[in-house]
Amino acid sequence: MATLVSDNLDEVERSISDTAPCHYILKIQSFSLLSKNGIEKYESGEFQAGGYKWKLVLYPNGNRSRNVKEHLSLYLVFVDVSSLFRHGLEVHADFRFFLLDQSKDNYLVVHDAKEKSRRFHRLKHQWGFDQLIPIRSFNDVSNGYLLDDTCVFGAEVFITKETSSGRAECLSVMKDAIGCKHVWKIENFSKLESEYSESQAFFSGDQKWKIQLYPKGRRHGSGTHISLYLALEDPVTLTAGSKMFVEFTLRVLDQMQSRHIAGKVSHWFSESSPESGWAKFVSLPYFHHTGAGCLVKDICMVEAEVIVHAVASIL
């Protein structure tokens, strides 16, 4: 008996039909060459049913990711996944799969025995059967499913309900997150005229970052301190409502004795909160003191170490 992909096992019914599937037919010639050529998964072309686009996904030797053995696996996939995310759309559909018996010219039909609709939504856009049919039965010539190394599958999809859900969020926490270091060499420091200077952009966690330095201070550090910040290079590249939890360290390097001045903090970066750091990172008198090593031959060295630990995004 076939098994429906679900959190709970449902009864699956097999029946025989003389009528061909009305929405899609997939004919495969030289079926045995799929395995011989290392094709473990085949995705059909798109087809329309109920006003939406769908496709079939066939695993000729079973879906190994679900530990399927000795069976063919077949699934129905909702193609326009972006609409599920964008509109919070949920599409309820009844579907059935067909396998042509070429000897008797009729179809084996596999479907849910209770005619239960399946809900396609942003967290689940694929349903189907892990164990559509045993490979041995499929290959048995007397069953008529595979003749002259050719077989024919089919599908019907009927929409029963459409709904829109509320907002949803996905939090992805990185396992063994890897940090990125970037060193910024600022030459001719005394000649900086702008309110602030920025480093070249560098990557960490699939985002571009930059260091911002205010040589005469910013906000409550204005006129008394060097201000130093980590900022997203282009906050608008973040999808609406998304944010990243980042642990970072900024250092003004002591070029003489390696007694670096460092600050470490964690921050949720987003389009509305694209920067974090210190208005009072190091006092101007200490920074300019010849023995501090912060400014040597009018060169300042700043280092950033950035680790992205988690990303939250709107579904």
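**Exercise 1. Work out what kinds of residue line the largest cavity of this predicted model, and which strands they come from.**

Step 1. Start with the classes: the lining of the largest cavity splits into four nonpolar, one polar and six charged residues. This is a predicted model, so keep that in mind throughout.

Step 2. Now get an idea of the space itself. The count gives one cavity of 30 Å³ or more, and the largest cavity holds about 80 Å³ of space.

Step 3. Next, look at who sits around it. Eleven residues line the largest cavity, and Asp 94, Phe 95, His 111, Asp 112 and Lys 116 are the ones nearest its centre.

Step 4. Finally, trace the lining back to the strands. Strand S7 (89-101) and strand S8 (106-112) are the elements that give two or more residues to it. S7 supplies the largest share, with four residues.

**Exercise 2. Decide whether His 111 is buried or exposed, and find its contacts.**

Step 1. Place the residue: His 111 belongs to strand S8. His 111 is also among the residues nearest the centre of the largest cavity.

Step 2. Check the accessible area. The relative accessible area of His 111 is 4%, and buried means under 20%, so His 111 counts as buried.

Step 3. List the contacts, skipping neighbours within four places in sequence. His 111 touches Val 12, Glu 13, Ser 15, Phe 95, Arg 96 and Phe 129. One of these, Phe 95, turned up in the first exercise too, as a residue nearest the centre of the largest cavity.

**Exercise 3. Describe the second largest pocket: how much space does it have, and which residues line it?**

Step 1. Take the volume: about 150 Å³ of space lies in the second largest pocket.

Step 2. Walk along the lining. You meet Met 174, Ala 177 and Ile 178, then Ser 204, Gly 205, Asp 206 and Gln 207, and after those Leu 238, Met 244, Val 308 and Val 311.

Step 3. Sort them by class: seven are nonpolar, three polar and one charged.

**Exercise 4. Find how the chain divides into domains, and what the UniProt record adds.**

Step 1. Read off the bounds: the domain assignment gives domain 1 as 10-162 and domain 2 as 167-312.

Step 2. Look at the spacing. Taken over C-alpha atoms, the centres of domain 1 and domain 2 are 52 Å apart.

Step 3. Turn to the record. An unreviewed UniProt entry places the feature "domain: MATH" at residues 21-157 and 179-306.

Step 4. Zoom in on residues 179-306. This stretch is 50% strand and 4% helix, and its end C-alpha atoms lie 5 Å apart.

Definitions and conventions:
Residues are numbered from 1 along each chain as its sequence is written. This is a predicted model: local features need pLDDT of at least 70, side-chain atom pairs count only at pLDDT 80 or more; totals for chains, interfaces and linings use all residues. Side-chain values use heavy atoms; hydrogens and water are left out. Domain bounds come from an automatic or database domain assignment. UniProt positions are given in the numbering used here, feature names are shortened, and annotations may be inferred rather than shown by experiment. On a 1 Å grid over the protein atoms alone, a cavity is a set of points where a 1.4 Å probe fits but cannot get out, and a pocket is an open set with protein on both sides within 12 Å along at least five of seven lines; lining residues have an atom within 4 Å of a point. Grid points are joined across faces, edges and corners, and a volume is the space filled by probe spheres set on the points. Ala, Val, Leu, Ile, Met, Phe, Trp, Tyr, Cys and Pro count as nonpolar, Asp, Glu, Lys and Arg as charged, and the others, Gly among them, as polar. Buried means under 20% relative accessible area, exposed over 50%, partly exposed in between (1.4 Å probe, protein chains only). Contact means heavy atoms within 4.5 Å.
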